[in-house]
Amino acid sequence: MKKVTNIISLMAIVGGITIAFTSCSKRDANSPGVEYMPDMYRSPSLETNSFSVVANADGTFDTIQTNRLPVAGTIPRGYMPYPYTNDTAGYSNAGKYLHNPLPKNDANVAEGEVLYGKYCVHCHGASGQGDGIVGSKLPGPPPSYTSAALMALPEGKMFHTITYGKNMMGSHASQLNEDERWKVIMYIHKLQYPNGEPVKVADTTATPAVKVKAKGKKK
Amino acid sequence: MDTTNNKQRKQISAVFSFLFLSIIFSIQPLSAQDGAKLFKQNCAVCHTITSQKLVGPGLAGVAARVPNDAWLMKWIKNNQEVLKSGDAYAKKILAESNGMQMTVFADLKDEELKALVTYIKNPPKEVAPMPAAGAGAAAPVEKTVNPLAILLGVIAFLVILVAILRGLSHSLKNIKREKEGLPEQAKLTAWAELKVWMGNHKRTMVLIILYIVGGFLAASWDGMMGIGVYQGYNPSQPIAFSHKIHAGDNAINCQYCHSGVERSKTAGIPAVNVCMNCHKGISKGPITGTTEIAKIYDAAGWDPEKGAYTKPQKPIKWVKVHNLQDFVFFSHQQHVKVGKQDCATCHGDLTKMTTATQMQPLTMKWCVDCHRKTEVPGMKDNPYYESLHKKLSEKFKNLPKDEQVITVAKMGGIECGKCHY
C-alpha cells in the first residue's frame with residue numbers, strides 16, 4: 001500500500017516538473033528573441049532599407065532614409081533611354097516607330113508566358129479577356145485583348161503602355177526590363193492569334209524618327 | 001381523338017406564342033441594365049458614375065454639361081472625330097484633362113450608345129454600404145486558456161487534496177490507536193512529515209534531485225541554442241498588409257511584388273508604385289476598409305479626390321523580418337532562378353499568413369542540412385553544368401545507389417568560402 005502511494009506521489013512530482021519545464025509562456029511576436037552579440041545582426045554599417053540620422057548645417061538633426069536617391073541624371077550601366085514621352089504624342093509615335101527587336105521564337109514566347117503569369121494574369125486573366133481575379137475587383141475590368149481596339153493595337157503602343165501605364169494600369173517598368181516587356185508582348189500576340197499571327201505588310205512609308213535598339217543586360 | 005387534337009393545338013400555340021414573345025423581347029431596345037453592364041465593361045476603368053475623378057472626369061451631371069445627348073453619343077463612339085471637327089466643348093475638356101485623350105469605341109452600336117447614355121443620365125441610387133467592413137475582423141474571439149493557469153489550478157487542487165487526505169489519515173490512525181489503547185499521536189507538520197519521508201526514501205530523493213538538475217540543464221541548453229535565432233519572429237508592420245488576401249485570395253504571384261528575387265541577392269520590398277498599380281483603383285479592402293489603403297495613398301502622395309500624385313511622398317517604414325548576418329553571403333537569385341526553389345521552402349505558405357513570419361531558424365545547420373540533401377534541379381539538362389555533371393557522376397559512381405545523387409554539398413555547396421568570405 002505504501003509503495004503504491006510512493007509511486008503515485010513520485011509520478012505526480014515528476015509530471016509536475018516536466019510540465020513546468022515544457023510549458024513556456026507565448027513569446028512576443030514583435031520581439032526577435034534573445035540576442036547575444038547583437039552586432040552580428042545589426043552591423044555598424046548602414047543597411048539599405050533603414051533610417052539614419054544626419055546633421056544639418058544649422059546644427060539640427062534629421063532622420064532620413066539610408067538609401068539616398070541617386071544624383072539627378074544618373075543612369076545605370078547598359079541603360080538605353082526610352083525616347084518616347086509619356087503623353088499622347090509619345091504614345092502615337094511609339095505605335096508608329098517602335099518595333100520588337102527580339103526574334104519571335106518559341107523560347108521567347110514561352111518566357112513571355114511565364115512572365116505573363118507573374119505580372120499580368122491577375123488583372124488581364126489567363127486568356128487575356130480581362131477576367132483576372134484582381135481585374136474583377138477594379139472599378140472596371142481591363143479591356144479584352146481580342147476586342148477590336150486592342151486587336152488593332154500596334155506592338156509599340158503595347159510597349160509604351162507597359163512602360164508608362166495607361167488609364168487604370170500603372171507603370172510596370174520597375175518590374176519588367178525592356179526585353180521582358182517584349183517577351184510579354186509576344187505572348188499577348190499569341191493570345192490574340194492562337195493559330196498564328198497573320199503576316200503584316202511592312203509599312204515602308206514610315207521612317208523611324210529615333211532608332212531604338214533595346215539592349216538587354218548582358219548575361 | 002378530339003382531346004388529342006386539342007392537346008396538339010395547345011402545344012403548337014404555346015410554341016408559337018413563345019417564339020412571338022422571344023422576338024418581341026429580342027427587338028426591345030437595350031434596357032438600363034445593359035447600360036450598366038456596358039458601362040462596367042467599357043467606361044468604368046476610367047470614369048466613375050459619381051463626381052469622383054478616376055482617370056477621366058466623374059460622370060455625375062455630365063448630361064447637363066455637354067451640348068446634347070447626340071453629341072455625347074458621338075463623343076463616346078469616336079472622340080477623335082469630334083475633336084477634329086473643331087468642336088469648342090471637345091477642345092475645352094481635352095484641355096481640362098491635360099491633353100489626355102479618351103479611348104475610341106468605334107465598335108459600339110447606336111442602341112448600345114443609347115443605353116449607355118440612359119444609364120449615365122440616370123445613375124442608380126447609392127448602393128447601401130456593404131455590411132460593416134469590420135465584420136470579418138470582429139469574428140468571435142477565440143477564448144484561449146493559458147496553460148499556466150491550468151497547471152496552477154491542478155497544483156492547487158492537488159495541494160488541497162493532499163491536505164485533506166493527510167488530515168483524514170491522521171485521524172484514522174488516532175482512532176486505531178485509541179482502540180488499541182495507545183495514547184493519541186500529535187499531528188506533525190507537513191514539512192516534518194516530508195522530512196521523515198525523505199529520510200526513508202534516500203534513493204528516490206537522489207533520483208528526483210538528478211531529474212530536477214538535469215531538467216534545468218536541458219532547459220538552459222535549449223534556451224541558449226535559441227539565442228540569436230529569430231524563428232517565429234512575426235512583427236507587426238506599419239500597414240496591415242495581408243499576404244493571405246494578396247497572394248492567397250487574389251492569387252497574385254509572389255514575384256509581382258518581390259520582383260528582384262530572380263535578378264538580385266534580395267527579393268526586395270516593393271516600392272509603393274507597385275502597390276498603386278492595383279490600389280489606384282481599389283481603395284477599400286475586405287477587412288480594414290479604407291484605413292489601411294489610405295496609408296498607401298499617403299506614402300505615394302496620391303490624392304484620391306483629384307486622382308493625381310500631388311502630395312509629398314513618404315517612405316513606408318516596413319519592419320524587416322528575415323535578417324541574415326553580414327558575415328554570410330546569400331543570394332535569392334541563385335536559389336530561385338538556378339536552384340528552382342519554391343518560396344515556401346524557406347518562407348512557409350504565405351498564402352495563409354497575414355504578416356510574414358520567420359518560419360525557419362536560418363541557422364548554419366539549417367542551411368547545411370538542406371544543401372546535403374538537395375539536388376540542383378535541371379542540372380543534367382543545363383549546358384552550363386554539362387562538364388561538371390559528367391565529372392561528378394564519374395567521381396561518385398562507385399558509391400551506393402542512394403549516395404550517387406549529386407547534391408549541392410557534393411558540388412562544393414558546404415565549402416566555408418561559398419558563403420563566408
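The backbone oxygen of B:P57 lies 2.7 Å from a polar atom of the side chain of B:H47, and this histidine is a convenient place to enter the structure, which is a predicted model. The model scores ipTM 0.78 and pTM 0.71, and the points below move from individual residues of chain B to the contact between chain A and chain B.

**B:H47 and its surroundings**

- B:H47 sits in the loop that joins α2 (32-43) and α3 of chain B, and its relative accessible area of 13% falls under the 20% limit, so this residue is classed as buried.
- Once neighbours within four places in sequence are set aside, the residues in contact with B:H47 are B:F39, B:L54, B:G56, B:P57, B:L59 and B:M102.

**Helix α4 of chain B**

- Helix α4 of chain B covers residues 69-77, and its buried residues are B:W71, B:L72, B:M73, B:W75 and B:I76.
- These buried residues pack against four further helices of chain B, namely α3 (62-65), α5 (79-84), α6 (88-96) and α7 (110-121).
- At the start of α4(B), the backbone nitrogen of B:A70 has a side-chain oxygen of B:N68 within 3.2 Å.
- As background, an α-helix has 3.6 residues a turn, so residues three or four places apart point the same way.

**B:Q360 and its partners**

- B:Q360 is found in the loop between α16 (343-347) and α17 (364-373) of chain B, and with a relative accessible area of 22% this residue is partly exposed.
- Apart from neighbours within four places in sequence, B:Q360 is in contact with B:Q231, B:T345, B:C346 and B:W366.
- The side chain of B:Q360 makes a polar contact with the side chain of B:W366 at 3.1 Å, and it also reaches the backbone oxygen of B:T345 at 3.5 Å.
- B:T310 is 50 residues away from B:Q360 along the chain, and the C-alpha atoms of these two residues are separated by 42 Å.

**Chain B as a whole**

- Chain B contains 19 helices and 2 strands, and buried residues make up 28% of its 421 residues.
- Among the contacts in chain B with a separation of 6 or more, 57% are between residues 24 or more positions apart.

**The contact between chain A and chain B**

- The contact draws 51 residues from chain A and 58 residues from chain B, and the area buried between the two chains is about 5,000 Å², with carbon and sulfur atoms giving 56% of it.
- There are 2 salt bridges between chain A and chain B, one of which joins A:E180 to B:R263, with the closest N and O atoms 2.7 Å apart.
- Across this interface, 15 residue pairs are in polar contact, both residues of each pair being at pLDDT 80 or more.
- On the side of chain A that touches chain B, the elements giving two or more residues are α1 (2-22) and α3 (106-119) of chain A, and α1(A) supplies the largest share, 10 residues.
- By class, that side of chain A has 22 nonpolar, 20 polar and 9 charged residues.

**Confidence in chain B**

- The mean pLDDT of chain B is 82, and 87% of its residues reach 70 or more.
- Confidence in chain B is lowest in helix α1 (residues 2-27), at a mean of 58, and highest in helix α12 (residues 254-257), at 94.
- Over residues 128-140 of chain B the pLDDT is below 50, and this stretch has 5 contacts in the model beyond near neighbours in sequence.
- Where pLDDT is low, the predicted coordinates should not be read in detail.

Notes. Residues are numbered from 1 along each chain as its sequence is written. Chains are lettered from A and ligands numbered from 1 in the order in which they are written. Side-chain values use heavy atoms; hydrogens and water are left out. Contact means heavy atoms within 4.5 Å. Buried area is the accessible area (1.4 Å probe) that two parts lose on being put together, summed over both. A salt bridge is a side-chain nitrogen of Lys or Arg within 4 Å of a carboxyl oxygen of Asp or Glu. A polar contact is a pair of N or O atoms within 3.5 Å; within protein, one must be able to donate a hydrogen and the other to accept it, and residues adjacent in sequence count only if both atoms are side-chain atoms. Ala, Val, Leu, Ile, Met, Phe, Trp, Tyr, Cys and Pro count as nonpolar, Asp, Glu, Lys and Arg as charged, and the others, Gly among them, as polar. Buried means under 20% relative accessible area, exposed over 50%, partly exposed in between (1.4 Å probe, protein chains only). pLDDT is the predictor's confidence in each residue, from 0 to 100.
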